[in-house]
Amino acid sequence: MKKITIPNTELEISAMGLGTVDAGVRWGKEASEADSMYGTFFDLGGNLIDCAHVYADWQVVDGRQETARAERVTGDWLQRTGNRDKIVLMTKGGHPVYTHPAMDLHINRCTKADMRGDLEGSLRILRTDYIDIYFYHRDDPRIPVEDMVETMMDFVREGKIRYFTLSNWSAERQKAADAYCAKMGYRGSVADQALLNLGSKYMNPLEDDTLVYVKGDLYDYHRENRNSMMMPYMGNASGFFHIYCAKGEEAVKGHPYATEKNLAMAARIPELTKKYDCAVTNIVLGYFTQEAFPCVPLYGPMNEASIVEAAKTFDIAFDNEDYVF
């Protein structure tokens, strides 16, 4: 897999990150299966692994609800293989608590105490001394950006993280953080995780209104600011294009992506798979290679074959016109 250097850092990352939201749930419950999944990604040249302290707290597996399951599965693999120094490891803190009986995604946990507790928990479970790229998983506009940046810079100074980053922050708040970092001489946020994919421009909003979409001001922010690498989540558009191509329009009725524009794009995908002799996954991920700014999508695989298939995307020379709709 091709490598991309994040500007003004020494971080060289693979063109696609391995998303671990399903680690220990759909895959990785057994050590041998986890080794195959992570190993396949690694053997293909992948070195960017994306976790979060809450992945997948909402899932009950074999009658058990485990917190930080994905970090545990990832940490197990890193320990078994000794590959920690070959991996650019990302994780996130500050997300609302999924296991609370009255769980509310609007109750942010972005205070310094919250972030320190999550980070130290992540370090322990991942069995590492440092995180390469550490995210605020959510924002809390009630907290001044100066305080939030200084929390992260304390972690940098302590050697617990190398770089800090943001997820689900507005353009306005990111710009404010950038301005403060410039004033203080800090590197500032090196990446941004938000919702962006082939169909996100025309989709209907999802139920979770705490998610931030790369549209409008945030889209313009990334087009003008290459210092923050866009790392889109939900890159496969919740399977919309795959379902349409496999089962037709009837199968996607009621889907958040089932709008007139997206249905028109979905109808073109079989033609594009023939044009490039590739899979639907490659067309969907290929969108990111034609964006107006650099993107490193985070891909959540189903099995080893899906990793191999997705990795082929970055060897295909797509045409920007393929994605004009």
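This passage describes a helix, a buried acidic residue and a set of aromatic contacts in a predicted model.

Helix α4 comprises 13 residues, from 145 to 157, and spans 18 Å between its first and last C-alpha, close to the 18 Å expected at 1.5 Å a residue. Within this helix, Val-145 is buried, as are Met-148, Val-149, Glu-150, Thr-151, Met-152, Met-153, Asp-154 and Phe-155. The cover over these buried residues of α4 includes two helices, α3 (112-126) and α5 (171-184), together with the strands β8 (131-136) and β9 (161-167). Just after α4, the backbone at Gly-159 adopts a positive phi of about 80°.

Asp-192 belongs to strand β10, which covers residues 191-193. Although Asp-192 is buried, it has no salt bridge, and the nearest side chain of opposite charge, that of Arg-138, is 10 Å away. A salt bridge would require a side-chain nitrogen of Lys or Arg within 4 Å of a carboxyl oxygen. When neighbours within four places in sequence are left aside, the contacts of Asp-192 include Phe-135, Leu-166, Ser-167, Asn-168 and Gln-174, and further along the chain Leu-218, His-222, Ser-228, Met-229, Met-230 and Met-231.

Across the whole structure, the search for aromatic pairs returns 15 of them. One of these is formed by Phe-42 and Trp-77, whose arrangement is edge-to-face, with 6.3 Å from centre to centre and 65° between the planes. Because Phe-42 lies in helix α1 (residues 31-43) and Trp-77 in helix α2 (residues 69-81), this pair ties together parts that are 35 residues apart in sequence. The two partners are not alike in exposure: Phe-42, at 25% relative accessibility, counts as partly exposed, whereas Trp-77, at 2%, counts as buried. Tyr-55 and Trp-58 likewise form an edge-to-face pair, since their ring centres are 6.3 Å apart and their planes stand at 80°. Here Tyr-55 is buried, with a relative accessible area of 13%, while Trp-58 is partly exposed, with a relative accessible area of 35%. Elsewhere, ring pairs join Tyr-276, Tyr-287, Phe-288, Phe-318 and Tyr-323 into a cluster.

Aromatic rings also take part in arrangements with charged side chains. The charged end of Arg-84 is placed over the ring of Tyr-130, at 4.2 Å from the ring centre. In a second case, Arg-173 lies over the face of Trp-169, with a distance of 5.3 Å to the centre of the ring.

Terms used:
Residues are numbered from 1 along each chain as its sequence is written. This is a predicted model: local features need pLDDT of at least 70, side-chain atom pairs count only at pLDDT 80 or more; totals for chains, interfaces and linings use all residues. Side-chain values use heavy atoms; hydrogens and water are left out. Helices (H or I, at least four residues) and strands (E, at least two) are DSSP runs, numbered from the N terminus. The expected span of a helix is 1.5 Å times one less than its number of residues. Buried means under 20% relative accessible area, exposed over 50%, partly exposed in between (1.4 Å probe, protein chains only). Contact means heavy atoms within 4.5 Å. Lys and Arg count as positive and Asp and Glu as negative; His and the chain ends are not counted. Rings of Phe, Tyr and Trp (its six-membered ring) pair if their centres lie within 6.5 Å; planes under 30 degrees apart count as stacked, over 60 as edge-to-face and the rest as tilted. A charge sits over a ring if NZ of Lys or CZ of Arg is within 6 Å of the ring centre and within 35 degrees of the ring normal.
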